Amino acid sequence: MSVLEDLGAAATTALAKAGPSVVRIGRGGGRGCGVVIGDGLVATNAHNLRGEEALVTFAGGRQAVGSVAALDVDGDLAVLRVDTADAPAITMAADGAVTAGQVVFAVARSATGGERVSFGLVSGTERAFRGPRGRRIKGSIEHTAPLPRGSSGSPVVDADGAVIGLNTNRLGEGFYLALPADDELRSRLEGLATGKARVTPHLGVGLAPPHVARALFRSVGLPERDGLLVRVIEDGSPASTAGLREGDLLIAAGDKDLRSVDDLFDALDGDATAIDLKVVRGPEELTITVTF
């Protein structure tokens, strides 16, 4: 067989094994895709959902309304409870190991229930991107298997049809990012399936980057400081309740200096119920405790 015939045969095999487990999320053109991960359970991206319910279209066109079991918004992951009938759970790759140059196939489902399959290569690993609320999601797989819009939440699979990642972000210029199907993803899905939403502390502020803060301090004759400038505070947010103000400069969270927004996100990760923020307000430096 020629190389093209080998690829065609591999694509056919991958589609046959993974396709029955791939679903469409949303009405009409839909918002995205998902995969059956167990009896009555479908995984998708959090950004594909609006509200507590979503229409799910299975292979063959059968439709059912699913309800949200739990969300991990910052990790862009969600699990729906829905009647999966005879749709099989998708197979996860045994070890989750992915290498650059590996042949992969993207499998998606159209709004009418039809299947799509495309071929590509893993172009990189350990990539990062911003989730729906700005947090950086690390460790992603970058690949080149073409995907139409509305394919986020669909699987990227190996030649055996086993999932190596869940597609979640389009980079443009023919590159796509997928959450790796590793032990961490499996653990997150298991937690979401039992209704345990992953909640990370949320300050409720809009921030300007350090270079803006330095320029502002310089313009009013104050010494330049690294930090994150508070531009907006949400009403009723933990930041508002704690007494943060627009114009405050956040220079440290706990014992971590803040030189980028990722420093703040890192300081907020975990199960902390409160955090001490070091704040510059005009000529003063003060500490404000924010409770979540």
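I began at Thr-44 and listed its neighbours beyond four places in sequence, which are Ile-25, Cys-33, Gly-34, Leu-49, Asp-76, Leu-77, Ala-78 and Gly-153. I keep in mind throughout that this is a predicted model.

Next I looked up where Thr-44 sits, and found it in strand 3, which covers residues 41-44. The relative accessible area of Thr-44 is 0%, so I enter this residue as buried. I also noted a polar contact of 2.9 Å between the side chains of Thr-44 and Asn-48.

Leu-77, one of the residues that Thr-44 touches, led me to the largest nonpolar core, which has 28 residues and in which Leu-77, Val-79, Val-157 and Leu-185 touch the most other members. I then checked which elements supply at least two residues of this core, and found among them strand 3, strand 6 (77-81) and helix 2 (183-193). Helix 1 gives the largest share, with five residues.

For Val-157 I listed the contacts beyond four places in sequence, and they include Ala-14, Ala-18, Val-104, Phe-105 and Ile-164. Apart from this core I found another, of 17 residues, with Leu-228, Ala-239, Ile-275 and Val-279 among them.

Last, I turned to the chain as a whole, in which I recorded five helices and 18 strands, with 48% of the 292 residues buried. Of the contacts with a separation of 6 or more, 58% join residues 24 or more positions apart. The C-alpha atoms fill a box of roughly 75 × 40 × 35 Å along the principal axes, and the chain exposes about 13600 Å², of which carbon and sulfur atoms supply 49%.

Technical notes
Residues numbered from 1 in each chain as written. Predicted model: local features only at pLDDT ≥ 70, side-chain atom pairs only at ≥ 80, totals over all residues. Heavy atoms only, no water. Helix = DSSP H or I, 4+ residues; strand = E, 2+ residues; numbered from the N terminus. Buried < 20%, exposed > 50% of the residue type's maximum accessible area, 1.4 Å probe, protein only. Polar contact = N/O pair within 3.5 Å; in protein donor to acceptor, adjacent residues only side chain to side chain. Contact = heavy atoms within 4.5 Å. Core = buried A, V, L, I, M, F, W, Y, C linked by side-chain atoms within 4.5 Å. Areas by Shrake-Rupley, 256 points an atom, 1.4 Å probe, with all protein chains shown as cover.
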